[in-house]
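Trainee: I am new to this structure and would like to go through it slowly. Could we begin once it is in front of us?

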Amino acid sequence: MSSVTFSGVTKRFGTDVYAVRDLDLDVADGELLVVVGPSGCGKTTTLRMLAGLEDITAGEVKIGDQVVNDLSAKERDIAMVFQSYALYPHLTVGENLGYPLRLAKMPKQELRERVRTVAGQLQLDELLDRKPRQLSGGQRQRVAMGRAMVREPKVFLMDEPLSNLDAKLRVTMRSEVAELQHDLGTTMFYVTHDQVEAMTMGHRVALMRDGVLQQVAPPEELYRSPANTFVAGFIGSPPMNLVNARVATSDSGDRQLITGTAAFTIAGDTARPESALATIDERPVVAGFRPEHVRLDPAGTAGGAAATVRLVEMLGSEHLVHLNIDGMDLHGAPHDENAATSTRVLAKLHDDDTTVRLGDHVAVSIEARHVHLFDAATGERIT
Ligand code: ATP
C-alpha cells in the first residue's frame, strides 16, 4: 500500500501565518498527483509535511494505512527529488546512486545490482564513473531521480525537480518523469508552480491558493469545469478571459452576455440543459470564455461585440489575437474612473482562420457550450 491521505491538515507558522488550511487530499496507490499554485500558496509546506520535514499543526497524514504524523522522515519510506538535485560533487554517478543504499547498509553485491538496474532504466550506464560536474543538467536530474529510485520507496516526493533546466529540456524531462512513474507504478507527489507541467504530467492536479485547496481533478476536468474564477484564471495558456457580466435576452430574442456597455452574442444552443445560460436570470455573474473559443467575424456584422485588433502574435500553428472591446468590464481589472474603459480579450485562432490583421474591426461572439458562469459574489461556478 502506498496511497497518501491528508485529513484536515493545517500548518500554521507562528500565530498567524496559515501556510496550509484544513487540507483534505487523497493520492491513490500508483497515482501521479501534481500540486500546483502560485508562489506562497502552500504547496512546498504540504510536501514537507508529507516528507516529515515539517510538523503538522492539526490533522492527520497517512501513508498507506499508517498515520505518519509522529514518524521521522527516515521512517516514512519516501524518497525526495529537489530542484537543486543535491548530488554529492565528490562522488561518481554510481556512488551517488548507491549512496542511500550504503547508508542503509545494504550488502555490496545487492547494492551493485540495484544501481545497475536503475542506471539502465535511466540510461545512465555509460556515465557511472563520471562526477556530477561532468554531466549536463538533464543527466544530473536523472541521477537525482535514480538516487530516489534505488531505495524503491513507497512514495516519490518531487519539489519543482525540473525548474533548473532550460525550457526545451524541461519539456523532454517532464515526459520522461511521467513515463518512468508509469513504468515503476510508484505513487508520486509532485509540486510545481507551472500549470503546463501540472496539466501535462498529472493523473490529477490539485490547485492551491493561500493555503487552501481550490480543486482537485483530472487535467481535462480542471480545464472544462473550473470550480471557481481562480481556477479558471490559473489553468490554460493563455488563461480564460473573465468579464463581469449578466446574461440577458436581446430585442430579437438572442441570448447575450452584457458586460459594461458591451454585448456579446452567444452563438449556438443556449438551452442545452448542461448550460447555466438556459436558466440564469439577470443577476451579476462573472463570465469566462477561453481564447480558443472566441469567434471573430471580420465582416463586423452578426451582432457581436465590436472589437479592434490590437496585436496578432504568431504561436506556430496558432495565432493569438489581442482585441480591444470598448466598454467591456474585465473581471479583476482595477476600477479606475478615469481610465479608458476599453479592455482586452484574447482570441486564439488556427492558422486557417487567421484572416484578421492589425487594426481590423471585427465582431466577437462566443459559443454557448463554451461559456463558463461564476457567481459574482463568491466566484464559485454556477452549474
Ligand atoms: P513557492 O512556490 O514560492 O515555493 P509555495 O507554494 O511552495 O511557494 P510555501 O513555501 O509552502 O509556498 O509557503 C506557504 C506560506 O507559508 C507562505 O506564505 C510562506 O511565506 C509561509 N512560510 C513557509 N515557510 C515558513 C516558515 N518556516 N516560517 C514562516 N512562514 C513560512
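Trainee: Which residues are around the ligand?

Mentor: This is a predicted model, in which local features need pLDDT of at least 70 and side-chain atom pairs count only at pLDDT 80 or more, while totals for chains, interfaces and linings use all residues. Residues are numbered from 1 along each chain as its sequence is written. A residue counts as near a molecule if its C-beta atom, placed from the backbone, lies within 6 Å of it. The residues around the ligand are Phe-13, Val-17, Ala-19, Gly-37, Ser-39, Gly-40, Cys-41, Gly-42, Lys-43, Thr-44, Thr-45 and His-193.

Trainee: Which element gives the most to the shell around the ligand?

Mentor: Helices (H or I, at least four residues) and strands (E, at least two) are DSSP runs, numbered from the N terminus. At least two residues of the shell come from each of β2 (17–27) and α1 (43–51). The element giving the most, with three residues, is α1.

Trainee: Why is Pro-153 classed as buried, exposed or partly exposed?

Mentor: Pro-153 sits in the loop between α4 (137–149) and β7 (155–159). A residue is buried if 20 or more other C-beta atoms, placed from the backbone, lie within 10 Å of its own, exposed if 12 or fewer, and partly exposed in between. Because Pro-153 has 19 other C-beta atoms within 10 Å, its class is partly exposed.

Trainee: How far apart in space are Pro-153 and Thr-186, C-alpha to C-alpha?

Mentor: In sequence, Pro-153 and Thr-186 are 33 residues apart. In space, their C-alpha to C-alpha distance is 7.9 Å.
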